[in-house]
Amino acid sequence: MDRKRIAIVGSTGMVGRMFLKVLEERSIDADYTLFSSKKSAGTVIDFLGCKHVVRELTKDSFNEDKYDIALFSAGGATSLEYAPIAAKSGAIVIDNSSAWRMDTEVPLVVPEVNPDSIADCHKKGIIANPNCSTIQAVLPLKALSDAIGLKRVIYSTYQAVSGAGLQGYMDLKNGLEGEKPQKFPYPIAGNCIPHIDVFLENGYTREEQKMVDETRKILNLPTLPVTATAVRVPVYHGHSESLNIELSRAFEMSEVFEALKNMDGVKIVDDPSKNLYPMPITAEDTDLVYVGRIRRDFSIENGINLWCVSDNIRKGAATNAVQIAELLLKKWEEER
């Protein structure tokens, strides 16, 4: 296969740095160019045995050089402005922001769940990376949907401060020393804040609405009843989620465990007799979605509860995007 060229936009940020780590671990052979805002341009980063000088992202960046793939993690405003420019130049953009997720011509992809959706990337030259909290949830949901069927989903999330970027991370770190918050409306140290992103007219936050809309799109279940409550908690890394799921038919618990056991990317950690269940420290710096506390919900017919945890910066952002890139590289190799 011809050596491909990959651009990384937002390479000095929290997710951008994780892009580099995951790409290095997976030994994805390509020619890389790193971009950032003017403020961070000139930064020197050691990556794949070489020193890379980070370039400033401009409107001419994708005209001066041509790229096959562009990994974006620089915020929605940057993606809205620059992703179409990159796509027009011939690159396939894999975008980590929320800017393109609900565009009907842009596939929203979790490789373990709907890999074939990348075929639609030709429409706009953009593939959207889902919200971190959605990514980890749809893996067990896909397994149960295929094996038994879904009737309704209720999310309750317990989301790490790193999901709010470096400022959120520092709010917890500094808050433990008694400093006032800079990112969150209230102190996060020793506190839980039921407010992630802005509030909408319907009373939900945008984070909660993202989970509803993205779950339906990824699973291709546009009428699935889904509701969510998203909460920020004083944990640095790793989102935790309680899923209350109503399945579409009667089932044996053995079916549930078997479906989850056979799902790519999912690891069951569930032995209450030994105090074994997923926690944020279980998932930190790994690419798996850990599932446990799996039990019937006796309050409804055909209901179950489960708890899932994943590293929100790694699997919930960087690794998922890199896995999408791997799908593209494999597809191009097969088409040769």
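Biologist: How many aromatic pairs does a search of the whole structure find?
Modeller: This is a predicted model, in which local features need pLDDT of at least 70 and side-chain atom pairs count only at pLDDT 80 or more, whereas totals for chains, interfaces and linings use all residues. Residues are numbered from 1 along each chain as its sequence is written, and side-chain values use heavy atoms, with hydrogens and water left out. Rings of Phe, Tyr and Trp (its six-membered ring) pair if their centres lie within 6.5 Å, and planes under 30 degrees apart count as stacked, over 60 as edge-to-face and the rest as tilted. Under that criterion, the number of aromatic pairs found in the whole structure is seven.

Biologist: How many residues apart are Tyr32 and Phe47, whose pair links distant parts of the chain?
Modeller: Tyr32 and Phe47 form an edge-to-face aromatic pair, with 5.0 Å centre to centre and 75 degrees between the planes. Helices (H or I, at least four residues) and strands (E, at least two) are DSSP runs numbered from the N terminus. Tyr32 lies in strand 2 (residues 31-36) and Phe47 in strand 3 (residues 44-47), and their separation along the chain is 15 residues.

Biologist: Which strands stand at the edges of the open sheet with the order 5-2-1-6-7-8?
Modeller: Two strands pair if DSSP finds at least two bridges between them. This sheet has six strands, with parallel pairing. Each edge strand has a single partner, so one side of each is left without a neighbour in the sheet, and the strands in question are strand 5 (55-56) and strand 8 (126-128).

Biologist: What is the bridge partner of Val93 in strand 8?
Modeller: Strand 7 (residues 92-95) and strand 8 run parallel and are joined by three bridges. Within strand 8, the residue that partners Val93 is Ile126.

Biologist: What angle does the direction of helix 9 make with that of strand 7?
Modeller: Axes are lines fitted to C-alpha atoms, for helices over the stretch in contact, and angles run from 0 to 180 degrees between N-to-C directions. Contact means heavy atoms within 4.5 Å. Helix 9 (residues 314-335) packs on the sheet by touching strand 6 (69-72), strand 7 and strand 8, and its direction makes with that of strand 7 an angle of about 160 degrees.

Biologist: How are helix 1 and helix 9 oriented to each other?
Modeller: The axes of helix 1 (residues 14-25) and helix 9 come within 9 Å and cross at roughly 55 degrees. Angles under 35 degrees count as roughly parallel, over 145 as roughly antiparallel, 65 to 115 as roughly perpendicular and the rest as oblique. The orientation of helix 1 and helix 9 is therefore oblique.

Biologist: What is the handedness of the crossing of helix 4 and helix 6?
Modeller: The axes of helix 4 (residues 132-147) and helix 6 (residues 206-219) cross at roughly 40 degrees and come within 10 Å. A crossing is left-handed if the near helix is turned anticlockwise from the far one by less than a right angle, and right-handed if clockwise. By that convention, the crossing of helix 4 and helix 6 is right-handed.

Biologist: How many nonpolar residues are in the contact of helix 4 with helix 7?
Modeller: Helix 4 and helix 7 (residues 253-261) pack at about 125 degrees with their axes 9 Å apart. The contact is made by Pro140, Ala143, Leu144 and Ala147 of helix 4 and by Val256, Ala259 and Leu260 of helix 7. Ala, Val, Leu, Ile, Met, Phe, Trp, Tyr, Cys and Pro count as nonpolar, Asp, Glu, Lys and Arg as charged, and the others, Gly among them, as polar. No polar and no charged residues take part in this contact, and the nonpolar count is seven.

Biologist: By how many degrees are neighbouring strands turned against each other in the mixed sheet 10-9-11-14-13-12?
Modeller: Six strands form this open sheet. Strand 10 (226-232) and strand 12 (266-268) each have a single partner strand and stand at the edges, so one side of each is left without a neighbour in the sheet. On average, with direction ignored, the turn between neighbouring strands is 25 degrees.

Biologist: Which residue in strand 11 is the bridge partner of Ile154?
Modeller: Strand 9 and strand 11 pair in the antiparallel sense over eight bridges. In strand 11, the partner of Ile154 is Asn244.

Biologist: Which residue in strand 10 stands opposite Thr157?
Modeller: Strand 9 and strand 10 pair in the parallel sense over seven bridges. In strand 10, the residue opposite Thr157 is Ala230.

Biologist: At what angle does helix 6 run to strand 10?
Modeller: Helix 6 lies across strand 9, strand 10 and strand 11. Relative to strand 10, helix 6 runs at about 135 degrees.
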